[in-house]
Amino acid sequence: APAGADEATTIAGAPVALEPRPAATGTPEPASVPTKPEDTVGAAATKVADGAPKPAETAPTPAVPAGSAGLAAAPEGILLRYNPDLREWERLTGPTPLATSTRLLCLATSRATISIGKTQVVMVGESEIRILPQSTDAAPALELIQGRLLFHPDDPGSVKVGLSDRIITLNMPQNGGAALERPARWVYGRLVSPVPPLVIYGTSGDMSVFVDNKMESLSPLETLTVDRTGVKHSTEEALPSWASEAGPSPRELQARDQFARVFHPGRPVLTEIVAASEDQNADIKQLAILAIKSMGDMTYLMPLLSRKNDPAVRLAALAAIRSFSALGPEAAGQVRDKLVQEFGEDTASVAGKMLVGFSSQEGANPQLFGQLIALLSPEEGSLGVRELAIDTLERLAGHDDKRYDPDHPEDKG
């Protein structure tokens, strides 16, 4: 692998830009697919806080302007709103009234507080929500498209959360609280990821949750996982740190502030973010790649697999594309379409398979290793394909090969 490919860089708790490949354990069988922790991008690594968190002390929810569905406070970091007329994301920097059906995207290492009715909703890190048309002051309604949320109601009341064609209702007591997450995890060799479930954590106060007209009770340290198969109720020893109000680390705060400076008034947000992917600062480049992935724009993400002389960006783009595909079948379809645009129909099928990964049975085929090694040669004109090929070989073999550099395939390796 290229020099520096095994260094650890974490922003938003995710080893993205310089993601290490699996280390060797003894002498693995070349034909077996190694077990490896699921690659995660953007969603912070799950850290736990000891014991149940104390109820957060939050300021009263600001009054939502008359005629508005909600109010976005000035964010801690970068908050974007989708403009359906211009079909682009716009940055919000100060208090902003919100209409129904508004889509909001909070970027990695950022936080944004949204008031809907008398409920404060805190978007944590890479998170996207949509205010549903049926939202009212008495019963706020939203969809968590991706990421994480914290709920803080001022008074007893209910919040409705959309999940595909279902509505989940949370009835929370005064000063109660809940945390929600849509965990999207890419698994090597899995052809298509299921739509991420909705996970509800009880953070303070006892509450009731209605799913498919059935009531479930939820207390602190209890968790409900809702997916297409039903509801799973569990009890945790501790909650994830993000659900107990743990904020970004000092390193992440510094990177966030540096990233915020790449935006300029009047310039398109996507233009600024794509330009930031070429910044000299590694943290800014990584946050830019995470932002492009969060925005779902594979048009600008896919070419980064082939960026010359920048192995960190290639690895970050590879991890980000895989993470995006974990959002479900629709996202996986977008990735396949962009692979065809980037590599052509014939090469896209090979690149797509390496992106997804091989099963244990497929990895046992000795011909596969010969085919992958052939893709490392200078005759393979696509740098992105060479990067995918060495990634696949290292995963199947279970160890890094620091002698091979996709930028210089003519060298010994």
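How many helices and strands does the secondary structure of the protein come to? The count is ten helices and 18 strands, and keep in mind as you look around that this is a predicted model.

**The whole chain**

Let's start with the overall numbers. The protein has 413 residues, and 53% of them count as buried. Its accessible surface comes to about 18,400 Å², with carbon and sulfur atoms holding 51% of that. As for how the chain meets itself, take the contacts between residues at least 6 apart in sequence: 59% of these join residues at least 24 apart.

**Helices that pack**

Two packed helices are described by the angle between their axes and the distance between the axes. Here are three pairs to find in the model.

| Helix pair | Angle between axes | Axis distance |
|---|---|---|
| α2 (residues 269-276) and α3 (residues 282-294) | roughly 135 degrees | within 8 Å |
| α1 (residues 250-260) and α3 | about 75 degrees | 9 Å |
| α9 (residues 366-374) and α10 | about 145 degrees | 9 Å |

Helix α3 turns up in two of those rows, so it's a handy place to begin. With α2, the axes cross at roughly 135 degrees, which makes α2 oblique to α3. The crossing of α2 past α3 is left-handed. On the α2 side, the residues in contact are I273, V274 and A276, and they meet I284, K285, A288, A291 and I292 of α3. By class, that contact has seven nonpolar residues, one charged and no polar ones.

Now swing over to α1. Its axis and that of α3 make an angle of about 75 degrees, so the two helices are roughly perpendicular to each other. From α1 come R251, A255, R256, Q258 and F259, while α3 brings D283, I284, L287, A288 and A291. The class split here is six nonpolar, one polar and three charged residues. If you compare the lists, I284, A288 and A291 of α3 appear in the contact with α2 and again in the contact with α1.

**The α9 and α10 pair**

Further along the chain, α9 and α10 pack at about 145 degrees, with 9 Å between their axes. Here α9 passes α10 in a left-handed crossing. L368, F369, L372 and I373 of α9 make the contact with A389, T392, L393 and L396 of α10. Seven of these residues are nonpolar, one is polar and none is charged.

Is L393 buried or exposed? L393 sits in helix α10, which spans residues 383-397, and its relative accessibility is 11%, under the 20% cut-off, so L393 counts as buried. Setting aside neighbours within four places in sequence, L393 is in contact with F369, L372, I373 and L376. Of these, I373 is 20 residues away from L393 along the chain, yet their C-alpha atoms are separated by 7.9 Å.

**Two loop residues with positive phi**

Next, a pair of backbone oddities to check. S101 is not a glycine, but its phi is positive, about 70 degrees. You'll find S101 in the loop between β6 (96-98) and β7 (103-106). With a relative accessibility of 38%, S101 counts as partly exposed.

T109 is the other case: a residue other than glycine with a positive phi near 70 degrees. T109 lies in the loop between β7 and β8 (111-116). What is the relative accessible area of T109? It is 6%, so T109 is buried.

**Two more spots to look at**

Strand β10 covers residues 141-153 and holds L150. L150 is buried, its relative accessible area being 1%. Measure in your viewer from L150 to E181: the two are 31 residues apart along the chain, and their C-alpha atoms are separated by 9.1 Å.

Finally, R336 belongs to helix α6, residues 329-343. At 47% relative accessibility, R336 counts as partly exposed. L355 is 19 residues from R336 in sequence, and the C-alpha to C-alpha distance between them is 9.9 Å.

Definitions and conventions: Residues numbered from 1 in each chain as written. Predicted model: local features only at pLDDT ≥ 70, side-chain atom pairs only at ≥ 80, totals over all residues. Heavy atoms only, no water. Axes fitted to C-alpha atoms, helices over the stretch in contact; angles between N-to-C directions. Helix = DSSP H or I, 4+ residues; strand = E, 2+ residues; numbered from the N terminus. Parallel < 35°, antiparallel > 145°, perpendicular 65-115°, else oblique. Left-handed = near helix turned anticlockwise from the far one by under 90°. Contact = heavy atoms within 4.5 Å. Nonpolar A, V, L, I, M, F, W, Y, C, P; charged D, E, K, R; others polar. Buried < 20%, exposed > 50% of the residue type's maximum accessible area, 1.4 Å probe, protein only. Areas by Shrake-Rupley, 256 points an atom, 1.4 Å probe, with all protein chains shown as cover.
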